[in-house]
Amino acid sequence: MRARTRRSTVSTLAFATMLLCTAAPPVLAQDANVANDIRRLEALIRAQQTQIDEQQAEIEALRKIVSADELVTYRGMGYPGGNRFSGIQNTPPPPPAPGQDVPMPDAPVGERQAVEADTRIQAAAVPQEQGVLTPRGRLVFDPSLEYNQSATDRLVFRGFELIPGIQVGLIEASKARRDSFVSTLGARYGLTSRLEFEVRVPFVHRYDRIEVAQQRDEGIVRSISLEGNDIGDVEFGARYQLNGQKGMNPIFIAGLRVKSDTGRGPFSIGYDEFGVATGLSTGSGFWGIQPSINMLLPSDPVVIFGSAGYLAHLPRNVDRNVGGAAVGRVDPGDAISGSLGFGFALNPRFSYSMGYRHSYIFATSTEIGGTVEQSRPLQVGSLTFGMSYRLNPKSALNVAFEIGVTQDAPDIGITVRAPWTF
């Protein structure tokens with residue numbers, strides 16, 4: 001009985017020992033797994049902290065090279081994002097090209113980017129010489145085709161009137177139609193974020209048709225057709241942005257344009273013995289310098305633009321005999337010009353502009369046979385309307401119209417441009 005009890009006790013102790021031996025390893029294994037998880041989490045945290053430190057360093061580096069008052073633009077082609085005024089959601093701007101500055105907002109990022117995006121879109125259809133600047137390091141090839149048409153009808157009576165209805169003398173009626181086509185190869189380059197240079201080389205084709213009817217003893221009708229084809233006056237220009245865009249404050253851009261005398265001037269064409277021209281000029285024949293100031297004012301939901309300029313011509317001695325008269329020193333009239341209008345974007349691709357442009361051209365002084373003759377001043381005013389459609393992020397199609405509203409202005413002008421950015 002005791003032996004059986006002893007064996008039972010031994011069995012119980014052996015079973016308990018076996019349980020302890022089999023239960024201990026799982027506890028130790030669980031502790032090891034927890035330690036491994038902790039080590040993996042610590043390694044992940046260290047990696048994430050390293051990535052955060054690297055991103056912070058990149059942000060600080062960008063802050064050092066960014067100009068806070070820069071306006072990065074896509075001139076003449078709109079902007080690939082949206083327009084908050086048209087109800088279309090804005091998308092982030094495209095990444096800058098190598099070497100191109102990135103605008104750092106003075107206001108909250110979303111607000112500043114929305115203002116700049118709207119300004120780019122609305123200014124796309126603004127007249128070429130009044131738009132925003134070319135981004136730094138970008139080259140814009142800007143070919144254009146321009147058509148101008150003007151017509152004048154005049155009735156002149158040379159003589160005297162005996163009684164109302166009875167005239168003695170010469171009655172002359174003239175009708176003139178003048179058409180000109182100008183194809184221009186232009187290019188702009190953004191030297192810095194605020195300075196751009198431009199060159200324009202025009203090729204001019206002119207065609208005039210003049211009909212003159214004279215009534216004396218018998219009616220005489222003469223028809224004259226003149227044509228001219230040659231290079232025009234090559235132009236060079238520079239534009240500098242005086243201030244940065246801050247919210248809805250205006251942007252001012254100063255410009256300087258130099259016009260050469262490469263075109264065939266009015267004293268370089270042929271004349272007959274009566275002093276009547278036998279050809280047409282393709283340029284002014286004089287050098288000119290034009291300083292100007294342009295303004296762009298973002299104002300919900302449009303951008304307002306305006307400009308003022310002064311074109312000064314350089315006089316020269318012609319020293320030529322025209323129709324038996326000796327022509328000496330000629331001083332072409334200078335011109336004061338100004339414009340005002342607005343641009344509006346209907347969507348991220350299409351925008352239009354409307355405005356008014358006016359120029360006052362002073363009298364031209366011409367020395368003829370030892371005496372100085374003065375021409376009459378000219379008033380040239382026209383209504384302008386432009387449209388711009390962005391074909392893709394690099395190119396656009398712009399169409400501009402001018403309708404003359406003064407006697408000295410051309411009746412209609414149409415310009416088609418296709419700027420391409422590289």
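Asp319 lies in strand β9, which covers residues 316-322. In this predicted model, Asp319 has a positive phi of about 50 degrees, even though it isn't a glycine. That's worth a second look, because most residues other than glycine have a negative phi. Asp319 also counts as exposed, because its relative accessible area is 62% and the cut-off for that label is over 50%.

Stepping back to the whole chain, there are 2 helices and 18 strands. The protein chain has 422 residues, and 33% of them count as buried. The surface it exposes comes to about 23700 Å², with carbon and sulfur atoms supplying 62% of that area. As for contacts with a separation of 6 or more, 65% of them involve residues 24 or more positions apart.

One pair of strands makes a handy example of a hairpin. Strand β13 (residues 365-368) and strand β14 (residues 371-374) pair up in the antiparallel sense, over 4 bridges. Thr366, for instance, has Glu373 in β14 as its bridge partner. Just 2 residues sit between β13 and β14 in this hairpin, and Gly369 in the turn has a positive phi of about 60 degrees.

Next come the salt bridges, of which the structure holds 11. One of them joins Glu198 to Arg200, with the closest N and O atoms 3.7 Å apart. Glu198 is buried, with a relative accessible area of 15%. Arg200 is buried too, at 17%.

Another salt bridge brings together the side chains of Arg257 and Glu235, at 2.9 Å from N to O. This pair links distant parts of the chain: Arg257 belongs to strand β6 and Glu235 to strand β5 (residues 235-241), and they are 22 residues apart. Arg257 is partly exposed, with a relative accessible area of 23%, and Glu235 gets that label as well, at 22%.

Loops get involved as well. The side chains of Asp408 and Arg376 meet in a salt bridge of 2.7 Å, N to O. Here, too, distant parts of the chain are linked, with the partners 32 residues apart: Asp408 is in the loop between β16 (395-404) and β17 (412-417), while Arg376 is in the loop between β14 and β15 (378-392). Asp408 counts as partly exposed at 25% relative accessibility, and Arg376 is partly exposed at 47%. Elsewhere, salt bridges that share partners tie Asp142, Arg188 and Arg417 into one network.

Ser281 offers another look at a loop, this one between β6 (251-259) and β7 (288-299). Despite its place in a loop, Ser281 counts as buried, because its relative accessibility is 15% and the cut-off is under 20%. Leaving aside residues up to four places away in sequence, Ser281 touches Arg206, Arg264, Gly265, Pro266 and Ile269.

Finally, there's the outside of the model. A nonpolar surface patch of about 870 Å² is built from Leu139, Phe141, Leu185, Tyr189, Leu191, Phe197, Phe203, Trp420 and Phe422. The elements giving two or more residues to this patch are β1 (139-163), β2 (166-190) and β3 (195-215). Trp420, one of the patch residues, is found in strand β18, made of residues 420-421. With 36% relative accessibility, Trp420 counts as partly exposed.

Key
Residues are numbered from 1 along each chain as its sequence is written. This is a predicted model: local features need pLDDT of at least 70, side-chain atom pairs count only at pLDDT 80 or more; totals for chains, interfaces and linings use all residues. Side-chain values use heavy atoms; hydrogens and water are left out. Patches are made of residues with over 30% relative accessible area and no salt bridge: like charges are joined within 9 Å, nonpolar side chains (Val, Leu, Ile, Met, Phe, Trp, Tyr) within 5 Å. Accessible areas come from the Shrake-Rupley method with a 1.4 Å probe; for residues, only the protein chains shown count as cover. A salt bridge is a side-chain nitrogen of Lys or Arg within 4 Å of a carboxyl oxygen of Asp or Glu. Buried means under 20% relative accessible area, exposed over 50%, partly exposed in between (1.4 Å probe, protein chains only). Contact means heavy atoms within 4.5 Å. Two strands pair if DSSP finds at least two bridges between them.
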